[in-house]
Amino acid sequence: MIDILYKSLSFLTYPIAQKRLIDSDLEKDSIWFHAASLGEVTSIKPLLDYFDKKGVPFYVTTMTESGKKRADEYFKGRVFLFPYDNPLLIKKLVDRTRLLVLAESEFWPNTIFEVKKNKKNLILVNGRISEKSFLRWKLLKGYFARILSCFDKFFVISFREKKFLRRFNVDGSKIFVSGNLKILFENKDVSLLFEKPFDFTITFASVRTGEFSGIVDVIEKIMKMNEKIGFIIAVRHLESLILLENILKLKKIKYVKFSEERENFKYRARVLILDTLGDLIRVFPISDVAVVCGTFAPYGGHNLLEPAQFGVPVFFGPYTFNVKGMEEILIKEGGGIKCKDFNDLFTIFKDMIDSRDELIKVGKNSKNAYEKARKISENGFRKIVEYIEKNL
């Protein structure tokens with residue numbers, strides 16, 4: 001019944017779906033990589049690079065325009081928008097495909113069943129399953145168990161995902177914990193964006209709108225406590241900057257925006273807003289502490305290991321359901337500090353900021369955590385490549 005209802009709804013999308021997928025002369029027996037958005041494209045880029053160098057034919061589909069734009073930067077002409085799981089259009093794609101690689105948490109029933117029907121190979125890479133998704137799946141356990149049974153192999157980011165899949169009766173031999181492939185895309189050899197601006201620098205990374213008031217409150221309290229501490233704020237979405245600026249103005253906190261200062265950069269305030277894209281990685285090495293946001297409100301978190309690669313102590317909030325694997329390794333190695341809320345963050349800062357030796361120790365541990373995570377991901381990458389090459 002669910003099949004019939006879902007397929008009927010999918011057929012209704014045909015006019016829109018057809019516009020998303022442009023027919024091309026793609027080679028038969030290609031690898032089809034599917035990634036939802038920019039983040040998922042980043043996670044599979046090491047695989048795309050590998051098979052591109054090998055000259056293996058492949059194409060990429062994405063759900064979002066931003067994901068397509070990013071993939072187009074590297075593989076223009078082989079990137080298309082996913083046609084909303086429309087059965088007719090999916091069939092055309094499957095006919096050209098030898099093996100389908102889905103990234104992270106992309107489970108499209110019509111696509112998956114069509115691949116299985118045509119006896120093509122199907123794998124999940126960088127598999128990520130949140131608690132929320134797991135609870136949703138449980139409501140339709142039989143249906144999702146059927147979807148999962150179509151996969152030939154699961155390469156997942158942590159043992160938590162393996163445990164979830166086993167709850168749906170997935171054969172354990174089909175599941176391999178491969179770590180997070182996004183780590184392999186990171187580059188430790190980055191040039192600094194500018195010299196260290198403050199005696200002690202706290203960087204708030206990837207801040208979401210629901211966290212603006214909280215971080216500004218923390219900044220205000222720390223500024224009163226210690227005049228040598230400065231702050232860098234990098235928002236997740238630049239279009240939300242005006243809201244952050246308004247909150248800072250209400251609190252009468254002076255700030256400068258990097259885009260307005262970059263030609264003749266001066267530290268005229270203790271708060272610097274990083275309002276340029278792609279530069280956050282270049283300020284982590286000059287940070288004494290990194291607070292990874294998206295974790296103090298129910299967004300699920302962002303890359304906790306990105307600052308860790310530079311030996312920076314990593315602080316984060318309670319909402320980490322998208323980055324559980326990263327959280328686990330940071331906590332285990334003593335390189336990450338989880339806070340209950342912004343009040344807890346301030347209390348911990350107050351106790352630790354004057355204890356530089358303790359922060360240096362946490363920073364060393366964070367780097368160790370990153371190196372261990374990277375080794376797991378490098379081994380996972382090799383296993384994925386071996387599996388794909390074996391099944392081409």
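1. Start with Lys 324, which sits in helix α14. This is a predicted model, so treat the points here as computed from it. Lys 324 counts as partly exposed because its relative accessibility is 21%, and the cut-off for buried is under 20%. Leaving aside residues up to four places away in sequence, Lys 324 touches Arg 160 and Lys 338. Have a look at Gly 301 too: 23 residues separate Gly 301 from Lys 324 in sequence, while their C-alpha atoms are 9.0 Å apart in space.

2. Now the helix itself. Helix α14 covers residues 324-333 and lies across β13 (314-316) and β14. Its direction makes an angle of about 110 degrees with β14.

3. Helix α15 (residues 342-352) is worth viewing alongside. Which strands does α15 lie across? They are β8 (200-207), β12 (289-292), β13 and β14. Against β13, helix α15 runs at about 155 degrees. Strands β13 and β14 thus turn up under both headings: α14 lies across them, and α15 does too.

4. On to the sheet. These strands belong to an open sheet of seven, with parallel pairing, in the order β10-β11-β9-β8-β12-β13-β14. The edges are β10 (256-257) and β14 (336-338); each has a single partner strand, so one side of each is left without a neighbour in the sheet.

5. For a detail inside the sheet, try β9 and β11. Strand β9 spans residues 229-235 and strand β11 spans residues 271-274. They pair in the parallel sense, over four bridges. If you want one bridge to click on, Ala 234 has Leu 274 in β11 as its partner.

6. Two backbone spots deserve a second look. Most residues other than glycine have a negative phi. Tyr 84 isn't a glycine, yet its phi is positive, at about 50 degrees. You'll find Tyr 84 in the loop between β3 (79-81) and α5 (87-95). With a relative accessibility of 31%, Tyr 84 counts as partly exposed.

7. The other spot is Lys 119, again not a glycine, with a positive phi of about 60 degrees. Where does Lys 119 lie? Its place is the loop between α6 (109-117) and β5 (121-127). Is Lys 119 buried or exposed? Lys 119 is exposed, because its relative accessible area is 77% and the cut-off for exposed is over 50%.

Note on methods
Residues are numbered from 1 along each chain as its sequence is written. This is a predicted model: local features need pLDDT of at least 70, side-chain atom pairs count only at pLDDT 80 or more; totals for chains, interfaces and linings use all residues. Side-chain values use heavy atoms; hydrogens and water are left out. Helices (H or I, at least four residues) and strands (E, at least two) are DSSP runs, numbered from the N terminus. Buried means under 20% relative accessible area, exposed over 50%, partly exposed in between (1.4 Å probe, protein chains only). Two strands pair if DSSP finds at least two bridges between them. Contact means heavy atoms within 4.5 Å. Axes are lines fitted to C-alpha atoms, for helices over the stretch in contact, and angles run from 0 to 180 degrees between N-to-C directions.
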